[in-house]
2 protein chains.
Amino acid sequence: MGKGEQTRQAILDEAFSLASCIGVGALSIGVLAERTHMSKSGLFAHFGSKEELQLAVLRESQMRFGEAVVRPALREPRGLPRLRAMLANWLDWTRAVNLPGGCVINAAAAEFDDQPGPLRDEVRKALIALRDTLGEAVARAVAEGHLRPDTDIEQLVFEITGIYQATQQSRRMLNDPDAGRRAIVAFERLVRDYAVPPEKE
Amino acid sequence: MGKGEQTRQAILDEAFSLASCIGVGALSIGVLAERTHMSKSGLFAHFGSKEELQLAVLRESQMRFGEAVVRPALREPRGLPRLRAMLANWLDWTRAVNLPGGCVINAAAAEFDDQPGPLRDEVRKALIALRDTLGEAVARAVAEGHLRPDTDIEQLVFEITGIYQATQQSRRMLNDPDAGRRAIVAFERLVRDYAVPPEKE
DNA sequence: GACTTTAACGAACGATCGTTCTATAACACG
DNA sequence: CGTGTTATAGAACGATCGTTCGTTAAAGTC
């Protein structure tokens, strides 16, 4: 890895954890230069524009998410165990990677939902990719017979994302120590509902 | 209402819908002055500091939430119908009031979760108040016999907030036209789970 | 080790930020 | 109507914003 790539990565590391705290939109080149002990112009040269830097942070976030959440879960047997592992990794990934201030993309989703442009597009892409991944895992669980054949996959994914967001808000804003447990309770109740055969009425 | 209060309210109206789009943290006095056809200093005098303006926006948001979501629901019979009405109002309140860019407080919760200070405190206050309100409604539903006596109220509230957040993200970022329906499906399954008597095992 | 490429710096740009001050205009009240 | 009060404007402040430019130092290549 050349010198360029090396410092670019170092900048991204710092930008990543900074964005986690203050949001991707509030990133500033001056502050970032100070934190990385560089000049503004020197740092700037690596990205060409602030927006490109922000996009790089979002892409970095996606990559780390894949490595910290999705990939380890693939070691679990397909179906429900894998889905369960994925959720567990997801709920805790902000601790695993250097994310002192919570998931960058989730925060960006709330920040840019009404500001068209490349940043919003990138966030959207990430959210769709995540939902696809979750959807695949759910579909596998159906195929394995862990969930009912008529399971509404999108609905299940929808509710799982809700569980994640509720957990993050409870933890981060309300300091609720039970958030993780509540998430698991919600999830298990969810899959139990979709696991039992439909009742005759 | 004196002239002062009048323009102050006009400023808040504009700040409110602007913050809805770009976030409370990104509010700028210059832009706001332009939008309200005032001078920066004239506008500034009404609040004394930018932070005070932001706090005022958050308080305004709480007030409108109460009037658009909670108060109308109180007309419904207590218990499940009231809870159901509250969720319905909640899911659509960003359309009812002038909130082109989604709930200000929910966005602020993601923005300030790692930035201590009066703004975070105010957001926290709002979230707690909301959870209390929801909790009360759930408790009423238990008292009315709509839900099981051993219902974990906090758990139910936790999951309802998740449904809300999933709905907003699906609507705003993914343009999912089914988000509202999915929210209702999730909610009804939730209350059905807590309504039936516990199974003997 | 000489040469080329590239990475980093420092200074400066215009724009905007939040804030302060002073002066003038509009209002409220007797 | 006149007078005291309050609301608004305008100019200016230092700070920071993102970005550009020319130059120097370092890294990569033969």
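Helices (H or I, at least four residues) and strands (E, at least two) are DSSP runs, numbered from the N terminus. With that in hand, let us start with one chain. Chain A has nine helices and zero strands, so in the order of the chain its elements read α-α-α-α-α-α-α-α-α, with helices defined as DSSP runs. Its C-alpha atoms fill a box of roughly 70 × 35 × 30 Å, taken along the principal axes.

A word on what you are looking at. This is a predicted model, in which local features need pLDDT of at least 70, side-chain atom pairs count only at pLDDT 80 or more, and totals for chains, interfaces and linings use all residues. Residues are numbered from 1 along each chain as its sequence is written, chains are lettered from A and ligands numbered from 1 in the order in which they are written, and side-chain values use heavy atoms, with hydrogens and water left out.

Now bring in chain B. Two copies of a chain are related by a rotation about an axis and a shift along it. Here, a turn of 180 degrees and a shift of 0.0 Å along the axis lay chain A on chain B with an RMSD of 0.0 Å; the superposition is by least squares on the C-alpha atoms of residues with pLDDT of at least 70 in both copies. The two copies are therefore related as by a two-fold rotation axis. To find that axis in chain A, look for A:Gly162: its C-alpha is the nearest to the axis, 2.0 Å from it. Both copies use the same surface, since 100% of the contact residues of chain A recur in chain B.

How many residues meet where the two chains touch? In chain A, 46 residues are in contact with 46 residues of chain B, contact meaning heavy atoms within 4.5 Å. The size of an interface is often given as the accessible area lost when the parts come together. Chains A and B bury about 3,900 Å² between them, 49% of it on carbon and sulfur atoms; buried area is the accessible area (1.4 Å probe) that two parts lose on being put together, summed over both. Three residues, A:Phe158, A:Met173 and A:Arg182, supply 20% of the area that chain A buries against chain B, more than any other three residues.

Charged and polar partners also meet here. The rule finds ten salt bridges across the interface of chain A and chain B, a salt bridge being a side-chain nitrogen of Lys or Arg within 4 Å of a carboxyl oxygen of Asp or Glu. In one salt bridge, the side chains of A:Asp152 and B:Arg182 meet at 3.2 Å, N to O. In another, the side chains of B:Arg172 and A:Asp113 meet at 2.9 Å, N to O. B:Arg172 lies in helix H8 (residues 153-172) of chain B and A:Asp113 in the loop between H6 and H7 of chain A, so this pair joins two chains.

The interface of chain A and chain B also holds 23 residue pairs in polar contact, both at pLDDT 80 or more. A polar contact is a pair of N or O atoms within 3.5 Å; within protein, one must be able to donate a hydrogen and the other to accept it, and residues adjacent in sequence count only if both atoms are side-chain atoms. On the side of chain A that touches chain B, helices H1 (3-22), H6 (104-112), H7 (118-143), H8 (153-172) and H9 (179-195) of chain A each supply at least two residues. The largest share, 13 residues, comes from H8(A).

Next, turn to the DNA. Around DNA strand D there are 22 residues, and A:Ser28, A:Lys50, B:Ser39, B:Ser41 and B:His46 come nearest; a residue is near a strand if one of its heavy atoms lies within 4 Å of it. A phosphate oxygen of strand D is 3.0 Å from a polar backbone atom of A:Ile29, while a base nitrogen of strand D is 3.0 Å from an N or O atom in the side chain of A:Lys40.

DNA strand C is surrounded by 20 residues, the closest being A:Ser39, A:Ser41, A:His46, B:Ser28 and B:Lys50. A base oxygen of strand C is 2.6 Å from an N or O atom in the side chain of A:Ser41. From chain B, a polar side-chain atom of B:Ser28 lies 2.7 Å from a phosphate oxygen of strand C, and a polar side-chain atom of B:Lys40 lies 3.0 Å from a base nitrogen of strand C.
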